[in-house]
Amino acid sequence: ANSKDAVWCKLNTDSGSGWHFKAEKRADAFALLLTDFISVWKCVRSAADVAADKEKYAPRLRSDDNNIDVVLDLMEKVLSDRKSSHAIDESEGQQEHLVIRSRMQVSHYTFKWEFHCVSLGSSEQQRRFIRDHVILGLLAAIKEQAFMLKTQSSAIPSSSCAELGEQFKAFDEDSGGGGGSGSS
């Protein structure tokens, strides 16, 4: 999956704050983008990094040494699963670093993982990224929705619209909004 194809998802954090992420899993790597719509962080891990992280965060997890697919699947699932818990720690080191501590119950096993993220460049680069990859995408979706609504409403004959308008006008009058038969 290409990261342009991946969608932004809400990360349900313990604090309830509005974080969103985009994750991409490949055979040889894992990439994560995280934003609070002010700043952007990234976490990119190669297959060797993921294997080392597995020994550190989930040593009891069984998986073939040459096949880290199970770990990559769990890394992706722990982020998107609504029952997972996530704590975000911005206080480790400088402002350019952020750690997501995630937990997810898998049968009788608690899968724990840490995503160590670094800032995505300068604050200007982050603003451009948010504009280009989040806001412009939202605006395009809104424009497409407006076009679809306009196209659908133009398919309704204008006489039908006029009839609907008359029905709503009658409703307003009945509810006392405009000269209905209310007693004083």
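I will walk you through the sheet in this structure and the two helices that lie against it, and please keep in mind that the model is predicted.

Let us begin with the sheet, which is open, has 7 strands in the order 1-2-3-4-7-6-5, and is paired in the antiparallel sense. As general background, the strands of a sheet pair through backbone hydrogen bonds, either parallel or antiparallel. At the edges of this sheet stand strand 1, residues 9-11, and strand 5, residues 85-89, and because each has a single partner strand, one side of each is left without a neighbour in the sheet. Going from one strand to the next, the twist averages 30 degrees.

If we look at one of these edges, strand 5 pairs with strand 6, residues 97-106, through 5 bridges in the antiparallel sense, and here S85 has R103 in strand 6 as its bridge partner.

Now to the helices. Helix 1, residues 47-57, packs on the sheet, where it touches strand 3, strand 4 and strand 7, and its direction makes about 95 degrees with that of strand 4. Helix 2, residues 69-80, lies across several strands, among them strand 1, strand 2 and strand 5, and runs at about 80 degrees to strand 7.

Which residues of helix 1 are buried? They are V50, D53, K54 and Y57, and seen down the helix axis they fall within an arc of 110 degrees, so they line one face of helix 1. In general, an α-helix has 3.6 residues a turn, so residues three or four places apart point the same way. The cover over the buried residues of helix 1 includes strand 4, helix 2 and strand 7, while the face turned away from that buried side carries the exposed residues A48 and K56.

Notes
Residues are numbered from 1 along each chain as its sequence is written. This is a predicted model: local features need pLDDT of at least 70, side-chain atom pairs count only at pLDDT 80 or more; totals for chains, interfaces and linings use all residues. Side-chain values use heavy atoms; hydrogens and water are left out. Two strands pair if DSSP finds at least two bridges between them. Helices (H or I, at least four residues) and strands (E, at least two) are DSSP runs, numbered from the N terminus. Axes are lines fitted to C-alpha atoms, for helices over the stretch in contact, and angles run from 0 to 180 degrees between N-to-C directions. Contact means heavy atoms within 4.5 Å. Buried means under 20% relative accessible area, exposed over 50%, partly exposed in between (1.4 Å probe, protein chains only). The arc is that of the directions from the helix axis to the C-beta atoms.
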